[in-house]
Structures are given as C-alpha cells and as structure tokens.
Amino acid sequence: MTPARLLVLGFLAIIAVGTILLILPISSKTREVTPFIDAMFTTVSASCVTGLISVDTNAHWSLFGQIVILILIQTGGVGFMTFVFAFLRLSGKKISLKSRTVMQEAVAAPELGGMGRLTGTILGGTFICEAIGAGVLCFAFVPELGAEGVWVAVFTAVSAFCNAGFDLMGGRGNGEFISLTEFSGNPVVCLTVPLLIIIGGLGFFVWHDIRKNRHHVSRYGLHTKIVLVTTAAFIIIPTLIIMCAETDLTITERIFSSFFTAVSPRTAGFNVLDLNNVRLVTVFLTIILMCIGGASGSTAGGIKVNTFAVLVLSLFSIARRKNSVEAFGKRIDEENIKTATQFVTMYLSVAIVGVIMICLFEMGNPYEMSLTDIVFEVASGIGTVGLTLGITPHLGAGSLVVLAMLMYLGRVGCLTFMLCFRAPSDPVAILPQESVRIG
C-alpha cells in the first residue's frame, strides 16, 4: 500500500460515507430520500472542494445535510491525512514512517522531518483564519439574515478558506444558484472572501516557511518565493483586465467585483457577477485562471501556480540559451521540470477527454449548451473550482458522473492517481535510447 494508493483510497472512502449520509431523509429539507446521483455528486464536489452542485445547497439540504457538507469541505480542504496525523499525535501513538510519508505526499512537504510542527501549523492556521473570516462576515450577513447569518458566515468562511465555493444564498426568494451576486458592491464580502481564498490557496508549506522566517524574505525557500510572486501576478493582472472589460458597472462595483472575480477562479467557485452576462474576455480569463489554480499542498486545485511558473521559467531559459532553469539565484531541479511537464500533459489530456465525453452525453439534451459552456464546466470540475455558466443542473446523469470523476482526479492529482497503479519496483533492464524529432 503505497502513499499514492492510500490517498486515492482515502478520498474514495470519504466520498462513500458522505454519499450515504446525504441520501438519508434527514439530510433534505423535504425529509425525502435524495437521489443517489445528486447525493454522490454533492459529496464529491464537497470533499474535493469544488463547489459544482446539481441541487441548491440552501434550498435542498437541511441543517444536518449542510453540516455534513461542511465537514466534507473541511476534511477535503485540509486533507484527511492531516486529521489522522493530528489524532495519532494527540493519542500518544508512535507515528510510522509510512504515515509520515503519506502526510508528506498530501501536503507537498519537501522533507519528512518536522511533520508534527507542520501539522500544528496547518490546523491552527486553518481554524484561526476561518474564525476571523466568519467573525468579519457576520457584519455583512447578520443584518440581512438575522441570527441565521451567523451560520451562513461560518459556512461561507470555511468554504472560502478551503476554496470550496459552496454557499447558502439560494432559495431565499431571489432564485437558486445565485452564489454571492447580491453582494457585488459590498466591501466586507468582496474583500474578506477573496482574502480567505488567497490564504488557503498559498499552500501549507508556504505558511510554515513564512511562520518560520517571518519578515526575513531572503530566507524564504525557492518554492515560497515563486508561489508568492506568481500569485500576486495572477491577482493584479486579471483584476486590471476585468476592470477594463466590465464597463457597465459602477466604479465601486468594478473595483470590488473585479478583484473578487480575479481571485475566485483560483479555485473557490464563488461569484459576485452573473457569469452569463459578462464579457467574453472575462469568461476566457476565468477558464485560464481555473486551469492554473493555487499552490501545491494547498486547499486549491488546478495545475498549480508553481507548476505554471516552472514551465514559464523553462521557456525563458530556452530562449536565453541556458542549460539550466534559474530563479531567485537558485537552479531548479531538472526532475521538477520533468514532473511539471508530465503533470500538465496529463491534466490537459484528461480535460480534453472530459469535454468530448460530455459533448457526446449531451447531444440529445433539449437544454441548449455551447462548446464554451462545456469547456467552462470541465475546467471548473477538474480545477476543483465550482464556477458554472448555469448548465450543471441541466446535465444528464452520464455528464454528472464524468464531472464527478474530473473533480476527484483534480483533487487527488492526475499523477498521484496514475502512480497508485505503478509497480513498487523499477524494471531491471534499461532499454536502448534513440532520439525523436520534436517540433
């Protein structure tokens, strides 16, 4: 049982338990049994911190169902191995080398040493950020919803920090599946939610590095520097582009909504703008941001900003005729470049197959869907984002299963899933080498 297999099977076990709980009559407001496909799809979306839903979270699920969804979001966001590791430490049991290896794989830590301190940083930082976020969001939700606003603030804070995208805004007289569109000009919501998304998307190792070295930026590791710089670029540039594109809004809404819309696709799934009424450039930019996602070892999905940065740096090194890829005075390991190339190739291949399969399944669907709608949906699913152009509730069972598989692969990682089938030992014989023309 390799670490990759443990992670893959662990998520499957969580999905199975969550599906059973959401099928129960107590989980729905009507006290009726929820269809298997809706319960399974919601469980996969919550545990893989995606946010795509076939039924509105507030309109369909009871308080019990919402609590189950919140637990799935928290477990999927932080990682079930983090809770297992913390339980083993608290119980005083000796933690095996395999458990440490699985934990290292789950949070993308560079080494086995210090896993206990890293676990404390992850759980402590998570609960503190979520508590502060919930407290601030109360100022926006309690005046609108009364005492229920406290629960909505807690749910939204956890969902935002874990980059899940689930919300409790639908079914209140303003329609379903509306996300946070009613708060497009509210500075509390439009600043607090994106900040929670950004912090959760930086990655647990980046937190640990920042906590260890604090304001001594020069001591940060190469991974941390690349993540921070690339994340800042993918916040500032898209914000400016969306501000220039969405000219129909007031200046206040343009500023806050553009910032929110630039942050949310990496990879939270909230939206304050109706994505069916935005400019085409905003839709295209959102697809790109959904594919890139957050950082490795974070609550976010996508190919990861550090993976994207390594590939871009590799292209620059080729253009400058350098034999190595360099950044911040350091040379990037050749194995990292190879892994990044493999991961992106696998990611795009799976996404293309997903688009083709959904196109086939929806050929007879009376609800009109464009190729842009389907590509957007697939990018949102495999990127574990949760944004949609409104077609999710109209998809057939086959397409929902495809999206569920994409969300699962996007969360556990396409390469991790493939590695669980790899033989534990390398072949003894080495085949002869021959070059292939490229380009």
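Helix 15 and helix 16 are oblique to each other in this predicted model. The axis of helix 15, which spans residues 334–361, comes within 9 Å of the axis of helix 16, and the two cross at roughly 135 degrees. An angle over 145 degrees would be needed to count as roughly antiparallel, so the pair is classed as oblique. The crossing is right-handed. On the side of helix 15, the residues in the contact are Tyr-347, Val-350, Ala-351, Gly-354, Val-355, Ile-358 and Cys-359. They meet Leu-371, Ile-374, Val-375, Val-378 and Ile-382 of helix 16. By class, the contact has eleven nonpolar residues, one polar residue and no charged residues. In an α-helix there are 3.6 residues a turn, so residues three or four places apart point the same way.

The loop between helix 16 (371–382) and helix 17 (397–412) holds Thr-384. Thr-384 is not a glycine, yet its phi is positive, at about 50 degrees. Most residues other than glycine have a negative phi. Thr-384 is also buried, with a relative accessible area of 1%.

Two further residues have a positive phi. Arg-31 lies in the loop between helix 1 (3–23) and helix 2 (36–47), and its phi is near 60 degrees. Arg-214 comes just after helix 10 and has a positive phi of about 50 degrees.

Helix 10 itself covers residues 204–213, and seven of its ten residues are buried, so it is largely enclosed by the rest of the structure. The buried residues are Phe-204, Phe-205, Val-206, Trp-207, His-208, Asp-209 and Asn-213. One of the neighbours of helix 10 is helix 11: their axes come within 10 Å and cross at roughly 110 degrees. That angle makes helix 10 roughly perpendicular to helix 11. Phe-205, Val-206, Asp-209 and Ile-210 of helix 10 form the contact with His-223, Thr-224, Val-227 and Leu-228 of helix 11. This contact divides into five nonpolar residues, two polar residues and one charged residue. Among its members, Phe-205, Val-206 and Asp-209 also appear in the list of buried residues of helix 10.

Helix 11 (residues 222–245) also packs on helix 13 (residues 280–292), at an angle of about 165 degrees and with the axes 10 Å apart. Helix 11 and helix 13 are therefore roughly antiparallel to each other. Their crossing is left-handed. Helix 11 contributes Phe-234, Pro-238, Ile-241, Ile-242 and Ala-245 to the contact, while helix 13 contributes Val-281, Thr-282, Leu-285, Leu-289 and Ile-292. Nine of these residues are nonpolar, one is polar and none is charged.

Another residue in contact with helix 10 is Ile-199, which sits in helix 9 (residues 187–202). Leaving aside neighbours within four places in sequence, Ile-199 is in contact with Cys-129, Phe-161 and Trp-207. Of these, Trp-207 is among the buried residues of helix 10. Ile-199 is partly exposed, with a relative accessible area of 33%. The C-alpha atom of Ile-199 is separated by 9.4 Å from that of Cys-162, although the two residues are 37 positions apart along the chain.

Cysteines occur at several of the places described here. Cys-138 is in helix 7 (residues 115–145). Not counting residues up to four places away in sequence, Cys-138 touches Pro-143, Val-150 and Ala-153. Its C-alpha lies 10.0 Å from that of Ala-157, a residue 19 positions away in sequence. Cys-244 is exposed, with a relative accessible area of 60%, and Cys-291 is partly exposed, at 22%. A disulfide is a covalent bond between the sulfur atoms of two cysteines. A search of the whole structure finds zero disulfides.

The chain as a whole has 18 helices and two strands. Buried residues make up 53% of its 439 residues. Of the contacts in the chain with a separation of 6 or more, 70% are between residues 24 or more positions apart.

How values were computed:
Residues numbered from 1 in each chain as written. Predicted model: local features only at pLDDT ≥ 70, side-chain atom pairs only at ≥ 80, totals over all residues. Heavy atoms only, no water. Axes fitted to C-alpha atoms, helices over the stretch in contact; angles between N-to-C directions. Helix = DSSP H or I, 4+ residues; strand = E, 2+ residues; numbered from the N terminus. Parallel < 35°, antiparallel > 145°, perpendicular 65-115°, else oblique. Left-handed = near helix turned anticlockwise from the far one by under 90°. Contact = heavy atoms within 4.5 Å. Nonpolar A, V, L, I, M, F, W, Y, C, P; charged D, E, K, R; others polar. Disulfide = S-S within 2.5 Å. Buried < 20%, exposed > 50% of the residue type's maximum accessible area, 1.4 Å probe, protein only.
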